Amino acid sequence: MATYDWIFDGLGLRGWCDGDGSGSGAPMSMSDLMNQASGEQPDVSVWETPFPSMDALNDACDAFPQSREVTKGLERGFLDVKDALSTVLDPITQPLSWALEYALWAFQGVPWWIMIPLLALLIKVVSRSWGLAAFVAGSFAALAFIDYYDYTMQTLAVIFVCALICVALGVPIGIAMSRSDKLQQAMIPVLDMLQTLPPFVYLIPLIFLFSVTEPKLYGIAIILYAIVPVIRLTNLGIRLVDKEVIEAADAFGMTKRQKLYGVQIPLALPNIMAGVNQTIMMSLAMVVIASLVSAPGLGVLVLRGIRNLELGVGLISGLGIVLLAVILDRSTKAALARVNAAQKH
Amino acid sequence: MADPKISIRNLYKIFGSDPQMALKHAKEGMHKTELLEQHRHVLGLRDINVDMQAGEITVIMGLSGSGKSTLIRHLNRLIDPTDGEVWVEDSNIMTYSDARLREMRRKKMSMVFQKFALLPHRTVLENAATPMIVDGAKRADWEKEATRWLDRVGLEGQGPQYPHQLSGGMQQRVGIARALTSNSDIMLMDEAFSALDPLIRTDMQDLLIELQRELQKTVVFITHDLDEALKLADHLVILKDGEVVQQGEPQHILMNPNDPYIVDFISDINRARVLRARTVMKKTSENPGDTSGEVDGNDTLESVIAKSRGNADLSYRVMQDGKQTGILTMRDVVTALVPTEAAEDGMRKAS
């Protein structure tokens, strides 16, 4: 006898419960098996009354589905639409694979004695600071010295492509959100979900959709995780532009396009840049997790450190990621500071 | 009188979820407070009729919340009315398409803002040239024109600076230069000098009067400051709770206020400094012979009192363009300094 027998008896469903199934078809839990073995029915006091969950109801009526049917059903549903979904998504996301492959090839193909000075020079142009450029050159040299150069370049290549795509997609989405309150209302829950969903979770359906050998798998994972801040801050930045300046733009007969490129984007630039900085930082965080699904780079070493308990490898590669983060953060912040200085109010 | 440059006819503006419903009540005679209490709609403007003549400064004055900023934004349709028409040079701008409206904003109307509203990422020169850049002018052209107007408002050599490097007064000069660069006949000024400190404000008022003497634009000026209104206005419109309380020539309003609200308003000003000889004098072209001198019709009473050294027995001939237009006795001068009560008749009628 189970606790909730009376529900099915009361509703006159006993026939449905017993007649339909061929006895106890569903797998039993360990405690059920033990009870069966010992042959005695446990006494359930009021204090221990179980919640009328699917499993408890299944105890009383075999025809009632167990709770594992929910997850199983979801899985079956996903597998049913999977093929249709991947015929649509595969061609759309193929350029991402190519971009990642090409970037990986390019970053590793260029010899170190061109790459390191080139990066230092780029930082110099962006930040106008020799100190930062020297720090960057020194960091890369140190990583190369302990033979982590290739891994570092792989990570850099992946971040380069993913952050670029995040900005290319995120800024227009943010602009569209700033123009329509309805779109903003619809997007905010989606963005919240993307930001709070544990990153491991969306790796699972992605593995089903794409092959693990394809670069776009980790590319999409990184982009989904990292695109949120740039969308949010573009939307916010444009909405925060001084109302009177927008009014002035209208009063002098600017078209929508002139207003967007001449007023709104330039004035929102500090916020957009802050979003880009956050996006780069988040893609760096995700590139480590994405090494679980074959993303190359320093994350692979971190993973090796965990799997094989190689303390030294794990720590050094972790430090390498920190160094990379500091470099990317400082250079984008320096660019941001320049934008800010140019448009004080 | 010539056709007005801008004519506002039966303009209503109501803010809220169902303005058309509230409009019906407003047209049936409901005022701001009742409409808010009974129907939860804010009455922005109610039955506004104002004619603005070409080449004059029309000042719209009222306290905050009186709807003056809303009103000026209807003239270039930054705000669309709930009901009514705005005519600019014989065409109703409510019928304009977007493209035609933009054309009007670029060529016919320019605007100066309370908080300057300059573009912080552009130089002073580029800011001053905004109307021409928007219209797609060549760099050489707009550079020349903007430099000319920057020089005219007293900002020689400031072109390459950024707005945040200038003081408030200088930034508003850029705002005025920007409005002038568009070469439009109509200039809308929304509390243009209210954010400036008093001394700089006086400077800017003088600059505006000087520019106006030279350029003869149609200026619509919004202010909450009566002294400023009296100094600048050719035609004064006083707004309260979204309605026109009185409009007309400022001297006339001072002598014949038709509403307790206006009496309150004008009770604090220095009448001697604002009232002019031609307003107080007795009109006559005869020369009584025993006068002690001549004063100009536009002299303020303050200067007449100074001239008489406080002697209340004197009288003066009031001259306009070399001809006598009236006689001013010091007795009239002193009487005029006492604030008048609200005139019984002529409530809310244009003078």
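In the predicted model, chain A is divided into two parts, with domain 1 covering residues 5–66 and domain 2 covering residues 83–342. The centres of domain 1 of chain A and domain 2 of chain A, taken over C-alpha atoms, are separated by 53 Å.

With respect to secondary structure, chain A contains 15 helices and zero strands. The radius of gyration of chain A is 28 Å, whereas the globule rule gives 20 Å for 345 residues; because the value for chain A is well over that given by the rule, the chain is more spread out than a compact globule. Along the principal axes of chain A, the C-alpha trace spans about 80 × 60 × 45 Å. Burial was also assessed for this chain, and 30% of the 345 residues of chain A count as buried. As for the contacts within chain A, among those between residues at least 6 apart in sequence, 75% join residues that are at least 24 apart.

Chain A also touches chain B, and to this contact chain A gives 18 residues while chain B gives 17 residues. On the side of chain B that touches chain A, the elements giving two or more residues are α4 (98–107) and α6 (130–134) of chain B. In composition, this side of chain B comprises eight nonpolar residues, together with five polar and four charged residues.

Technical notes: Residues are numbered from 1 along each chain as its sequence is written. Chains are lettered from A and ligands numbered from 1 in the order in which they are written. This is a predicted model: local features need pLDDT of at least 70, side-chain atom pairs count only at pLDDT 80 or more; totals for chains, interfaces and linings use all residues. Domain bounds come from an automatic or database domain assignment. Two residues are in contact if their C-beta atoms, placed from the backbone, lie within 7 Å. Helices (H or I, at least four residues) and strands (E, at least two) are DSSP runs, numbered from the N terminus. Ala, Val, Leu, Ile, Met, Phe, Trp, Tyr, Cys and Pro count as nonpolar, Asp, Glu, Lys and Arg as charged, and the others, Gly among them, as polar. The radius of gyration is taken over C-alpha atoms; the globule rule is 2.2 Å times the number of residues to the power 0.38. A residue is buried if 20 or more other C-beta atoms lie within 10 Å of its own, exposed if 12 or fewer, and partly exposed in between; C-beta atoms are placed from the backbone.
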